[in-house]
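Welcome! Take a look at the structure below, and then we can walk through a few of its features together.

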Amino acid sequence: MNLKSTLLFAPVVLGGFLETAEAVIAVQDHAMFEGSFMDAVYGPLVNTPEVLETKREMVREGQLSLPVEEDEIERWGAHHSSFYKASSKALTGQSVKFPADDDTSDLNHMSLIGGLVTYGHFPAVDCFNPENYESLKFDIAFLGAPFDTGTSYRPGARFGPNGLRQASRRSGSGLTPVRGSSKRSKLRRTDPWSSGLQIVDCGDVPMTPFDNRVALNQLYRGQRALHSHSASNSTHHTKPRVVSLGGDHTITLMALRSAYETYGPLSVVHFDSHIDTWDPKVLGGAVSHYAGVNHGTFLHYAAEAGYVNKSSSMHAGIRAPYIAETDPQHDEDCGFTMITARDMDYLGPLGIAARIKERVGTNPVYITLDIDVLDPAYAPGTGTAEVGGWTTRELVTVLDALEGIHLVGADVVEVSPPFDTNTELTSLAAVQMIDSFLSLMVVSD
Ligand SMILES: *[C@@H]1O[C@H](CO)[C@@H](O)[C@H](O)[C@H]1NC(C)=O
Ligand SMILES: *[C@@H]1O[C@H](CO)[C@@H](O)[C@H](O)[C@H]1NC(C)=O
Ligand SMILES: [Mn+2]
């Protein structure tokens with residue numbers, strides 16, 4: 001069946017609507033049949049004479065270009081069919097040119113869908129080999145901490161690092177119109193992927209699932225190895241800044257230790273629904289001394305060890321109940337002030353960010369972000385979910401409004417992919433937070 005008879009058949013197929021029949025005849029009269037299949041089928045439904053005139057005008061003005069050579073357009077002149085020929089070329093696919101069979105030059109490109117997955121497509125490098133400490137320089141490094149044997153409820157955060165890498169596959173170069181708290185914000189013109197800073201993925205520290213003491217020591221040595229490299233293109237830093245991918249919250253103790261040894265006492269900004277400064281006597285320690293170090297006590301130990309600057313650290317997003325009556329006093333003794341989840345209703349994201357900035361000033365800051373600071377509606381895939389939390393948008397607005405702080409290290413913890421939705425809801429939220437960390441690090445460099 002040729003094109004013409006297809007069209008003449010159409011009114012019959014459509015049940016004999018008179019208007020349809022007239023339209024088809026109009027198509028015929030308009031000498032459409034040199035056009036593409038699409039043009040022939042849809043005819044003046046889309047390409048009315050007025051539309052054709054508009055398109056011609058746009059070509060003349062340079063607002064529309066056609067997949068044909070300039071002189072071809074000239075040759076076809078003002079005739080309508082020039083557009084049909086152009087569309088026809090594009091649609092029929094006759095003109096596709098395949099590379100030579102042995103040409104693989106286009107197969108080396110980054111793929112959003114396939115490929116070995118690193119965080120945000122940053123290059124994978126070997127950061128643990130002491131022979132590379134001198135020669136391999138980088139400014140920001142990702143490091144996975146696949147560990148969840150410090151959890152008190154749901155496990156699964158050991159799969160967090162690769163869950164986050166998977167969810168970061170659509171991350172990459174580009175500016176976004178929402179960054180920063182105003183149009184003048186430098187964040188709005190900051191793109192970590194093309195900032196000139198060397199950003200790498202150091203992979204994961206292999207952490208044994210059989211003995212937490214050994215596992216945490218492995219992580220410490222891994223973190224320390226990263227900090228043994230030098231910064232590459234940074235203006236203000238001689239050492240790399242590490243972004244850790246948890247893992248349950250216990251891993252932050254070792255990240256803080258190595259960051260403290262590199263940058264001195266840290267102003268810790270702790271986003272979480274739980275205080276995590278629990279006295280080991282209250283949480284875990286009654287079972288055994290070994291059990292006293294866990295994802296709810298790590299800040300007690302960090303404060304005791306001196307990693308935490310007790311005059312400028314704070315929690316944000318807290319809403320889980322205390323365990324013992326002594327908890328509030330003990331929390332204060334660890335050096336933390338508190339913004340609760342419901343302060344969002346009174347202060348708003350910008351008010352909260354202002355309080356955090358006031359507290360940390362120009363000190364070196366470490367942000368540790370437990371994904372359970374978000375409401376389980378936004379982050380269900382986590383170990384100890386607490387309802388009544390912040391939305392994803394509120395949290396990124398808080399983070400972006402921290403523009404200007406001196407961020408030297410960060411982590412996202414407690415993402416448990418096995419409990420996530422099949423849409424990667426929790427991991428995607430976590431990736432958005434890491435995107436904000438990267439921008440904060442780059443913008444103040
Ligand atoms: C870092 O600086 C060097 C030397 O100026 C340059 O060759 C390199 O491309 C820079 N790295 C990045 C990631 O832009
Ligand atoms: C700790 O915080 C206080 C208050 O912001 C600040 O004066 C002090 O310099 C900080 N210490 C360090 C080592 O950053
Ligand atoms: Mn936590």
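In the side chain of Ser-312, an N or O atom is 3.5 Å from an oxygen atom of ligand 2. This is a predicted model, and the distances here are computed from it. Two asparagines also have polar side-chain atoms facing an oxygen atom of ligand 2: Asn-309 at 2.5 Å and Asn-363 at 3.0 Å. Here are the three contacts side by side.

| Residue | Partner | Distance |
|---|---|---|
| Asn-309 | oxygen atom of ligand 2 | 2.5 Å |
| Asn-363 | oxygen atom of ligand 2 | 3.0 Å |
| Ser-312 | oxygen atom of ligand 2 | 3.5 Å |

On its own, ligand 2 has 360 Å² of accessible area, and the protein covers 48% of that. Pro-265 and Ser-311 join Asn-309, Ser-312 and Asn-363 in surrounding the ligand. By type, this shell holds four polar residues and one nonpolar residue, with no charged ones.

Now let's turn to the protein's interior. In soluble globular proteins, nonpolar side chains tend to be buried together. The largest nonpolar core in this model has 52 residues, and the members that touch the most others are Phe-271, Ile-356, Ile-367, Leu-369 and Trp-390. Helix α14, spanning residues 425-443, supplies the largest share of this core, with eleven residues.

Which residues does Leu-369 touch, leaving aside those up to four places away in sequence? Its contacts are Phe-271, Leu-395, Leu-399, Asp-411, Val-412, Val-413, Met-433 and Phe-437.

There is also a second, separate core, made up of 36 residues, with Cys-127, Phe-138, Met-254 and Ala-255 among them.

How values were computed
Residues are numbered from 1 along each chain as its sequence is written. Chains are lettered from A and ligands numbered from 1 in the order in which they are written. This is a predicted model: local features need pLDDT of at least 70, side-chain atom pairs count only at pLDDT 80 or more; totals for chains, interfaces and linings use all residues. Side-chain values use heavy atoms; hydrogens and water are left out. A nonpolar core is a set of buried Ala, Val, Leu, Ile, Met, Phe, Trp, Tyr and Cys residues joined through side-chain atoms within 4.5 Å. Buried means under 20% relative accessible area, exposed over 50%, partly exposed in between (1.4 Å probe, protein chains only). Helices (H or I, at least four residues) and strands (E, at least two) are DSSP runs, numbered from the N terminus. Contact means heavy atoms within 4.5 Å. A residue is near a molecule or strand if one of its heavy atoms lies within 4 Å of it. A polar contact is a pair of N or O atoms within 3.5 Å; within protein, one must be able to donate a hydrogen and the other to accept it, and residues adjacent in sequence count only if both atoms are side-chain atoms. Accessible areas come from the Shrake-Rupley method with a 1.4 Å probe; for residues, only the protein chains shown count as cover. Ala, Val, Leu, Ile, Met, Phe, Trp, Tyr, Cys and Pro count as nonpolar, Asp, Glu, Lys and Arg as charged, and the others, Gly among them, as polar.
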